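Trainee: Before we discuss this model, please show me the sequence and the coordinates. I should then like to put a series of questions about them.

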Amino acid sequence: MPTVVVQDQHGQTWRMAADTRLLLFAAGRKASNLAMEVLGQQPKGFLATRRALYLADMSKMPGFITRTFALPSLREQPFEVGVVLDAKRLADWPRQENAVTLIRLEAGRVVSVEYAASAESLRVALGLAP
């Protein structure tokens, strides 16, 4: 897995820890909304207990919208979000339209890539009851 170092929604350095087991990647608005629907209902520390991280590609969003609405909304969430604003950074990452990409890792290596296109499938992927 390539090293990813970006900023989170608070402007702090965000990087993938060596023990990360699951990376949720939202490459568009619908995927991001899906991730927020499921993650926003979970308690603080939920992702950390699963050694999971959330990375959102917000590069297609106009800068004004990002600064005025999206980032302030993300700052209210009880979890950290890696924010990508440069489209070239993740251009070759796996994605499906309207789905959250689930990259499973072991010792920093990709072992599988799956997609969750519904709240139910994302909950199942996160080990939550359907």
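Mentor: Let us begin with terms: on a 1 Å grid over the protein atoms alone, a pocket is an open set of points with protein on both sides within 12 Å along at least five of seven lines, a cavity is a set of points where a 1.4 Å probe fits but cannot get out, and lining residues have an atom within 4 Å of a point. Grid points are joined across faces, edges and corners, and a volume is the space filled by probe spheres set on the points. The model is predicted, so local features need pLDDT of at least 70 and side-chain atom pairs count only at pLDDT 80 or more, while totals for chains, interfaces and linings use all residues. Residues are numbered from 1 along each chain as its sequence is written, and side-chain values use heavy atoms, with hydrogens and water left out.

Trainee: What volume has the largest pocket?

Mentor: Its lining comprises 25 residues, of which Gly28, Arg29, Lys30, Ser32 and Met61 lie nearest the centre. Among the elements that each supply at least two lining residues are β4 and α3; helices (H or I, at least four residues) and strands (E, at least two) are DSSP runs, numbered from the N terminus. The pocket has a volume of about 590 Å³.

Trainee: Which element gives the most to the lining of the largest pocket?

Mentor: Six residues of the lining come from a single helix. That helix, residues 29-39, also packs on the sheet, touching β3, β4, β6 and β7 (contact means heavy atoms within 4.5 Å). Its direction makes about 145° with that of β4, where axes are lines fitted to C-alpha atoms, for helices over the stretch in contact, and angles run from 0 to 180 degrees between N-to-C directions. The element is α1.

Trainee: In what order do the seven strands form the open sheet?

Mentor: Two strands pair if DSSP finds at least two bridges between them. Pairing in this sheet is mixed; β1 and β2 run antiparallel with three bridges, and β3 and β6 pair in the antiparallel sense over five. The edge strands, each paired on one side only, are β2 (13-15) and β7 (109-116). The order is β2-β1-β5-β4-β3-β6-β7.

Trainee: How many bridges join β6 to β7?

Mentor: These strands form a hairpin with two residues between them. Glu106 has Arg109 as its bridge partner in β7, and Arg104 has Ser112. The two strands run antiparallel, and the number of bridges is seven.

Trainee: Is Ala107 buried or exposed?

Mentor: Ala107 lies in the loop between β6 and β7 and has a positive phi of about 50° although it is not a glycine. Most residues other than glycine have a negative phi. Buried means under 20% relative accessible area, exposed over 50% and partly exposed in between, with a 1.4 Å probe and protein chains only. At a relative accessible area of 75%, Ala107 is exposed.

Trainee: What is the relative accessible area of Asn98?

Mentor: Asn98 sits in the loop between β5 (82-84) and β6. Its phi, near 65°, is likewise positive in a residue other than glycine. Asn98 is partly exposed, and its relative accessible area is 36%.

Trainee: How many residues has the largest nonpolar core?

Mentor: A nonpolar core is a set of buried Ala, Val, Leu, Ile, Met, Phe, Trp, Tyr and Cys residues joined through side-chain atoms within 4.5 Å. Here Leu24, Leu39, Tyr54, Leu122 and Leu126 have the most contacts inside the core. β3, α1, α2, β4, α3, β6 and α4 each supply at least two of its residues. The core has a total of 29 residues.

Trainee: What is the relative accessible area of Leu47?

Mentor: Leu47 is placed in helix α2. Leaving aside neighbours within four places in sequence, Leu47 is in contact with Leu24, Leu39, Ala52, Tyr54 and Phe79. Leu47 is buried, with a relative accessible area of 7%.

Trainee: How much space lies in the largest cavity?

Mentor: A search of the whole structure finds one cavity of 30 Å³ or more. Residues that line the largest cavity include Leu39, Phe46, Leu47, Pro78 and Phe79. The space in the largest cavity is about 30 Å³.
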